[in-house]
Amino acid sequence: MSSKKIAIIAGETSGDIMGSNLIHKLKYLCDDIEIFGIGGKELSKLGLRSIFPFDKLSFIGPWDIIKNINSLRKLIKITVDLIIKSKPDILIIIDCPEFSHRVAKRVRKVLPEIPIINYVSPTIWAWRQSRATKMSSYIDHVLSILPFEPDMYKKLNGPMCTYVGNPLSEKVAKYMKKLPKTNDLKTIDLVLMAGSRKSEVSRLLSPSIDAINRLGKKYDNLVVKVLTFEHFRDFMSKNLSKVSFNYEIITQEEEKYRSIINSDLAIVASGSATLELAIAKLPMVVIYKTNIIFSILRFFIKTHSIVLPNIIHGSNTITELFQLKCNGYAIANELQNIIENDSVRVDQIEMHNAVREKMFSRDINSQYEGEKIIYSYLK
């Protein structure tokens, strides 16, 4: 096969990681690949020179997008113009749908012959289900990381959708085999994962700190592991400088997973991290906080929960604290309930086992399923 040019858009840290894994594996099938587009540190290791820093796309919620609409439009135009000029063999979009799908629509109009792959589906199962049908006009194939999504796309007359496994969940499972479980029975080890975007972390860190301060007054053996990214280290250090509890900021990947595997409970931002913790069988409280518009939109959400393990399991076993409920008092109460109530911990762990079975029971012949699909469009 001749050299192939791939345009890729990854709008946040998790997408950058998943995109780099995808391209890395794709090189086993097609070694002569040139990539360009938008991404972060991980994709840059594979040769990507990002059109602009991808943290410019760290919008969260409709109100943030409205506030930044002019900037968003400029970034869309810059990206579309470069893709059209470069004429890639394929366009792969990952996460950040308010940006990446607008780019995909415009590229499809000008270059209809270029296959467009959407890796990581937008949340059609939560709200705006009509998006699935509309995506058929500009998306050729959705590579899903949630086992229930292919049926949703089929039901809603969306583009072809294939569940290709969840790379973050699979990574946790690998680390669980690799790293020994060494829980310290003398301490209560708490993981804090406050999100992957600056706006998200800024909103969630304050109520989380308040909750842990409250919890620390009840349990003097509380040890907190703050799992974040290196570019947030200074921000975290500044905000944690006056807390009354013992903590450690961890950014290195293996140490993050060591903490997840060996901790007792967690506070985690709603999103893909909740699945990682479920695979690791770690009891958790899920939090989320954004502007007032999200509170209104919450009434239009079609699912019983927006916590991914809850959706996969079909229950509300994991407590979710959103908006006004996302406060230090409520978070501390739920954490205390996990610490002191055996049945709460057991219920979550049993649920996590069921989620693991669904996540890893896919009928896939190879770990390269997603890459094989992309390769088929490159031929």
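Glu254 is partly exposed in this predicted model, with a relative accessible area of 21%. That puts Glu254 just on the partly exposed side of the cut-off, because buried means under 20%. Its side chain makes a salt bridge with Lys178, and the closest N and O atoms sit 3.0 Å apart. Here's a quick tour of that pair, two other salt bridges and a patch of positive charge.

**The Glu254 pair and its network**

- The Glu254–Lys178 pair ties together distant parts of the chain: Glu254 belongs to helix α11 (residues 253-262) and Lys178 to helix α8 (residues 167-178), 76 residues apart.
- Lys178 is exposed, at a relative accessible area of 53%.
- These two don't act as a lone couple on the map: salt bridges with shared partners join Lys178, Glu254, Glu255 and Arg258 into one network.

**Other salt bridges**

- Side chains of opposite charge can pair when their charged atoms come close.
- How many salt bridges does the count come to? The tally is 12.
- One of the pairs brings Asp140 and Arg108 together, with 2.7 Å from N to O.
- That pair, too, links distant parts of the chain: Asp140 is in the loop between α6 and β5 (141-144), while Arg108 is in helix α5, 32 residues apart.
- Is Arg108 buried or exposed? Arg108 is buried, with a relative accessible area of 14%.
- Its partner Asp140 is partly exposed, with a relative accessible area of 28%.
- Glu42 pairs up with Lys45 in a salt bridge as well, the closest N and O atoms being 3.4 Å apart.
- In that pair, Glu42 is partly exposed at 23% relative accessible area, whereas Lys45 is exposed at 59%.

**The positive patch**

- Which residues form the positive surface patch? They are Arg73, Lys105, Arg106, Lys109 and Lys134.
- Helix α5 (residues 97-110) supplies the largest share of the patch, with three residues.
- Helix α5 also carries Arg108, which is in a salt bridge with Asp140.
- Lys134, another patch member, lies in helix α6 (residues 130-135).
- Lys134 is exposed, with a relative accessible area of 56%, so it clears the patch requirement of over 30% relative accessible area.
- Arg108 falls short of that requirement, because its relative accessible area is 14% and patch residues need over 30% and no salt bridge.

Conventions: Residues numbered from 1 in each chain as written. Predicted model: local features only at pLDDT ≥ 70, side-chain atom pairs only at ≥ 80, totals over all residues. Heavy atoms only, no water. Patch = residues over 30% accessible without salt bridge, like charges linked within 9 Å, V, L, I, M, F, W, Y side chains within 5 Å. Areas by Shrake-Rupley, 256 points an atom, 1.4 Å probe, with all protein chains shown as cover. Salt bridge = Lys/Arg side-chain N within 4 Å of Asp/Glu carboxyl O. Lys, Arg positive; Asp, Glu negative; His and termini not counted. Charge placed at Lys NZ, Arg CZ, Asp CG, Glu CD. Helix = DSSP H or I, 4+ residues; strand = E, 2+ residues; numbered from the N terminus. Buried < 20%, exposed > 50% of the residue type's maximum accessible area, 1.4 Å probe, protein only.
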